[in-house]
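Let's take a walk through a protein and see how a few of its rings and strands fit together. Have a look at the sequence and the 3D view before reading on.

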Amino acid sequence: MALLLGFVLLCGVADFTRGLSITTPEQMIEKAKGETAYLPCKFTLGPEDQGPLDIEWLLSPADNQKVDQVIILYSGDKIYDDYYQDLKGRVHFTSNDLKSGDASINVTNLQLSDIGTYQCKVKKAPGVGNKKIQLTVLVKPSGTRCYIDGSEEIGNDFKLKCEPKEGSLPLQYEWQKLSNSQKLPTSWLPEMTSSVISVKNASAEYSGTYSCTVRNRVGSDQCLLSLDVVPPSNRAGTVAGAVIGTLLALVLVALTVFCCHKKRREEKYEKEVHHDIREDVPPPKSRTSTARSYIGSNHSSLGSMSPSNMEGYSKTQYNQVPSEDMERDAQSPTLPPAKVAAPNLSRMGAVPVMIPAQSKDGSIV
């Protein structure tokens with residue numbers, strides 16, 4: 001009887017202490033970058049939970065060096081979602097009535113920095129509950145490129161490669177032949193699930209269209225490759241053509257340089273000749289030499305004139321000579337005339353002539 005009473009009392013205490021609890025189990029969620037992650041958090045309340053309702057979501061980043069960050073909070077019937085700058089505008093409660101028991105959230109446009117452990121805390125005094133959810137963000141394979149590494153000729157060795165631009169590990173590969181016989185060489189079978197297929201001693205039967213599919217846990221991507229195995233080309237002719245083309249290019253460059261140099265030399269020569277011609281032009285006769293010749297001719301004329309007409313002639317002729325030229329002629333140095341005796345002059349047939357004197361103002365005295 002006492003044992004039964006004790007069991008009843010124990011059950012009563014258990015029922016009495018049972019209050020707020022979170023019904024969502026702890027779990028791990030994987031999502032692709034750019035997608036939306038739904039993080040569930042549903043709870044129930046006990047009759048004794050009469051205090052104000054507070055809901056808090058925290059993030060423990062994958063980098064353990066960072067402290068826990070509050071990303072969204074509900075308190076006093078208000079929502080605060082601007083605590084964590086990296087998730088600002090990207091985290092929201094899914095329910096419009098949080099008192100109904102749903103504290104789940106959505107994280108939109110997932111980024112690799114969103115990876116970590118999210119913790120949901122619900123408090124309604126005296127009840128308290130929390131649950132953790134592990135979120136992993138993966139990158140889908142994308143930008144996959146298929147190409148041939150080597151020369152696709154009969155008898156050659158080359159490789160078929162499949163490389164995605166991005167994608168979270170682990171990655172899985174699958175090769176398929178889409179054209180012709182669609183039958184793959186048996187030597188390729190071990191490599192049909194790898195990123196590279198090594199082709200040995202290629203034959204024309206290998207020609208065709210191939211596809212490579214890359215997968216991981218959140219997505220897949222595909223690329224196509226066209227393989228055309230052809231007979232070996234005339235390599236000697238190709239090399240000779242390349243050499244001849246190179247030589248022709250060098251000759252063309254040399255001719256261009258030569259023509260430019262020749263043109264510059266011709267222009268330089270023309271400039272020098274033009275300069276020399278200008279230097280060789282004789283200077284114009286000075287007014288002094290003209291005056292001297294003018295006076296000399298007048299003196300010779302005076303020698304043949306008689307004293308009777310000397311006076312009129314000297315006045316008209318001497319006045320025609322510019323005084324400026326006469327002054328320059330007087331200033332220029334002249335050699336003294338040779339002295340000849342009077343008897344000798346008469347023997348030489350000289351005729352005595354009267355030369356009138358001239359004053360400084362030009363008049364004949």
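A residue is called buried if its relative accessible area is under 20%, exposed if over 50%, and partly exposed in between, using a 1.4 Å probe and protein chains only. Y210 has 0% relative accessibility, so it counts as buried. W188 also counts as buried, because its relative accessibility is 0%.

Before going further, some housekeeping: this is a predicted model, where local features need pLDDT of at least 70, side-chain atom pairs count only at pLDDT 80 or more, and totals for chains, interfaces and linings use all residues. Residues are numbered from 1 along each chain as its sequence is written, and side-chain values use heavy atoms, with hydrogens and water left out.

Now for the rings. Rings of Phe, Tyr and Trp (its six-membered ring) pair if their centres lie within 6.5 Å; planes under 30 degrees apart are stacked, over 60 edge-to-face, and the rest tilted. Searching the whole structure turns up 2 aromatic pairs. In one of them, the ring centres of W188 and Y210 are 5.6 Å apart and the planes meet at 45 degrees, so this pair is tilted. W188 sits in the loop between β14 (172–177) and β15 (196–199), while Y210 belongs to strand β16 (residues 208–216), so to speak a link between distant parts of the chain, 22 residues apart. Ring pairs also tie W188, Y206 and Y210 into a cluster.Next, the strands, which are DSSP runs of E with at least two residues (helices are runs of H or I with at least four), numbered from the N terminus. Two strands pair if DSSP finds at least two bridges between them. β14, β16 and β17 form an open sheet of 3 strands in the order β14-β16-β17, with antiparallel pairing. Its edge strands are β14 and β17 (219–227), each pairing on one side only. On average, neighbouring strands of this sheet are turned by 20 degrees against each other, direction ignored. For such angles, axes are lines fitted to C-alpha atoms, for helices over the stretch in contact, and angles run from 0 to 180 degrees between N-to-C directions.

Here are some antiparallel pairings, each with one bridge:

| Strands | Bridges | One bridge |
|---|---|---|
| β16 and β17 | 9 bridges | T209 with S226 |
| β5 (residues 53–61) and β10 (residues 116–124) | 9 bridges | S60 with T117 |
| β5 and β6 (residues 69–75) | 5 bridges | L59 with Q69 |

One last contact: which residue lies over the face of Y147? R145 does, at 4.1 Å from the ring centre. A charge sits over a ring if NZ of Lys or CZ of Arg is within 6 Å of the ring centre and within 35 degrees of the ring normal.
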